[in-house]
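The following account leads the reader through one protein model, taking up its elements in turn. Please keep the sequence and the structure in view while reading.

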Amino acid sequence: MAARVVAIINQKGGVGKTTTSTNLAHALANSHKKVTVIDLDPQGHLAVSFGTVNPNIPGIDDVMLDKKDIAKNLVQVRKNLQLIVAGTRLKEIEQLSEGGADRGRLLRKALHENLKGQDLIFIDCPPSSGLLVANALFAADEVLIPMAGDFLALQGLSHMMGTIKRFENVLKKKYKLFIVMSRYASTRKMSKNVLNKVLQYFPNQVLSTAIRESALLAECPSYGQTILDYRPGSRPARDFRSLSVDFLEGRVM
Ligand SMILES: Nc1ncnc2c1ncn2[C@@H]1O[C@H](COP(=O)(O)OP(=O)(O)OP(=O)(O)O)[C@@H](O)[C@H]1O
Ligand SMILES: [Mg+2]
């Protein structure tokens, strides 16, 4: 079976894209799925989150700029889990004015044809709606949108949905799309209000498990550990394990 290719996007910064990419991918790898994560953000935070990876090694930049073989740049970061770093030249792509569609096609081909035996491929995107995100949307068939629980996040979400719709029209495809509440403060009234609004506008698209706010999630990247390495019995670790089941089974609120 072909791998599910999932772009993790939100043009708003700091909403939990990288935290979701890292911990969801690790939870799925722990349930015996073969997972690859691609860092499509020049900030390179995904490599840092998994630890011990030198972010200056060749990564997806090599594949998209020089058509290098993606398989050569894989780094095994955990059991069943491999990473492709951003690479130092990825930021150049955001500035290039030509070849956008070609690079999207190149990325799609690399992920769909040259990554063997994978069940799931996640693309951690930068906080923009620029060329790199366009390339990710070209390559992916599914979209996962991490959503913080504040009011401004709601506006960001409708903008995001507009971008995705435009892509659907141009590329003549329909994404399987899920939203995850990634920084949910269950004690805050605002979080609940925002969630209710999201459910109202996007019914059947919010994954069942909300990832709650937790200082542990903010701490673990500084040790190069996922939450499942760092505190496997903690509440956020349980949240991510539960989210991984939602994701596999399409379980929604
Ligand atoms: N549920 C949570 N509870 C507490 N802290 C969190 C949670 N989710 C994310 N964070 C923290 O918030 C910060 C931003 O998260 P993260 O890097 O995952 O967001 P991002 O959307 O990838 O950001 P960027 O747009 O810069 O790529 C990080 O310090 C992260 O550890
Ligand atoms: Mg990020």
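**Salt bridges, helices and a pocket**

With a relative accessibility of 67%, Lys-72 counts as exposed, because this value is over the 50% cut-off. The model under discussion is predicted. The side chain of Lys-72 joins that of Asp-69 in a salt bridge, with N and O 4.0 Å apart. Asp-69 has a relative accessible area of 33% and is therefore partly exposed.

This pair is part of a wider set, since the structure holds 14 salt bridges. Another is found within helix α5, which covers residues 100-113. There Asp-102 forms a salt bridge with Arg-105, and the closest N and O atoms are 3.3 Å apart. The two residues are three places apart in sequence, about one turn of the helix. In an α-helix there are 3.6 residues a turn, so residues three or four places apart point the same way. Both partners are classed alike: Asp-102 is partly exposed at 46% relative accessibility, and Arg-105 is partly exposed at 45%. Salt bridges also link Asp-61, Asp-62, Asp-66 and Arg-89 in a network.

A further salt bridge leads to helix α11. The side chains of Asp-246 and Arg-251 meet with N and O 2.6 Å apart. Is each partner buried or partly exposed? Asp-246 has a relative accessible area of 0% and is buried, whereas Arg-251, at 34%, is partly exposed. Asp-246 is one of the buried residues of α11, which also include Pro-236, Ala-237, Asp-239, Phe-240, Leu-243, Ser-244 and Phe-247. The helix itself runs over residues 235-249. Its 15 residues should span 21 Å at 1.5 Å a residue, and the end C-alpha atoms are 21 Å apart, so the span agrees with the expected value. Just after α11 comes Gly-250, with a positive phi of about 65°.

Helix α1 can be read in a similar way. Its 14 residues reach 20 Å from the first C-alpha to the last, close to the 20 Å expected at 1.5 Å a residue. How many of the residues of α1 are buried? The number is 12 of 14, and the helix is mostly covered. Among the buried residues are Lys-17, Thr-18, Thr-20, Ser-21, Asn-23, Leu-24, His-26 and Leu-28.

After α1 comes His-32, which has a positive phi near 70°. This is a positive value in a residue other than glycine. His-32 lies in the loop between α1 and β2, and its relative accessibility of 63% means that it counts as exposed. Asn-204 is another residue other than glycine with a positive phi, in this case near 65°. Asn-204 is placed in the loop between α8 and α9. At 57% relative accessibility, Asn-204 counts as exposed.

Helix α1 also takes part in the largest pocket, which holds about 480 Å³ of space. Rolling a probe the size of a water molecule over the atoms shows where empty space is left. The lining of this pocket consists of 27 residues, and those nearest its centre are Gly-14, Gly-16, Thr-18, Thr-19 and Arg-183. Two or more lining residues are given by each of α1, α2 (45-50), β7 (176-183) and α9 (215-219). Which element supplies the largest share of the lining? That share, five residues, comes from α1. Thr-18 is thus named twice in this account: it is among the buried residues of α1 and among the lining residues nearest the centre of the pocket.

Attention may now turn to the surface. Phe-151, Leu-152 and Met-190 make a nonpolar surface patch of about 310 Å². Met-190 belongs to helix α8, which spans residues 189-201. The relative accessible area of Met-190 is 38%, so this residue is partly exposed.

A contrast to the surface is given by Ile-93 in helix α4, residues 90-95. Ile-93 has 0% relative accessibility and therefore counts as buried. From Ile-93 to Arg-4 the separation is 89 residues in sequence and 25 Å in space, taken C-alpha to C-alpha.

Note on methods. Residues are numbered from 1 along each chain as its sequence is written. Chains are lettered from A and ligands numbered from 1 in the order in which they are written. This is a predicted model: local features need pLDDT of at least 70, side-chain atom pairs count only at pLDDT 80 or more; totals for chains, interfaces and linings use all residues. Side-chain values use heavy atoms; hydrogens and water are left out. Helices (H or I, at least four residues) and strands (E, at least two) are DSSP runs, numbered from the N terminus. The expected span of a helix is 1.5 Å times one less than its number of residues. Buried means under 20% relative accessible area, exposed over 50%, partly exposed in between (1.4 Å probe, protein chains only). Patches are made of residues with over 30% relative accessible area and no salt bridge: like charges are joined within 9 Å, nonpolar side chains (Val, Leu, Ile, Met, Phe, Trp, Tyr) within 5 Å. Accessible areas come from the Shrake-Rupley method with a 1.4 Å probe; for residues, only the protein chains shown count as cover. On a 1 Å grid over the protein atoms alone, a cavity is a set of points where a 1.4 Å probe fits but cannot get out, and a pocket is an open set with protein on both sides within 12 Å along at least five of seven lines; lining residues have an atom within 4 Å of a point. Grid points are joined across faces, edges and corners, and a volume is the space filled by probe spheres set on the points.
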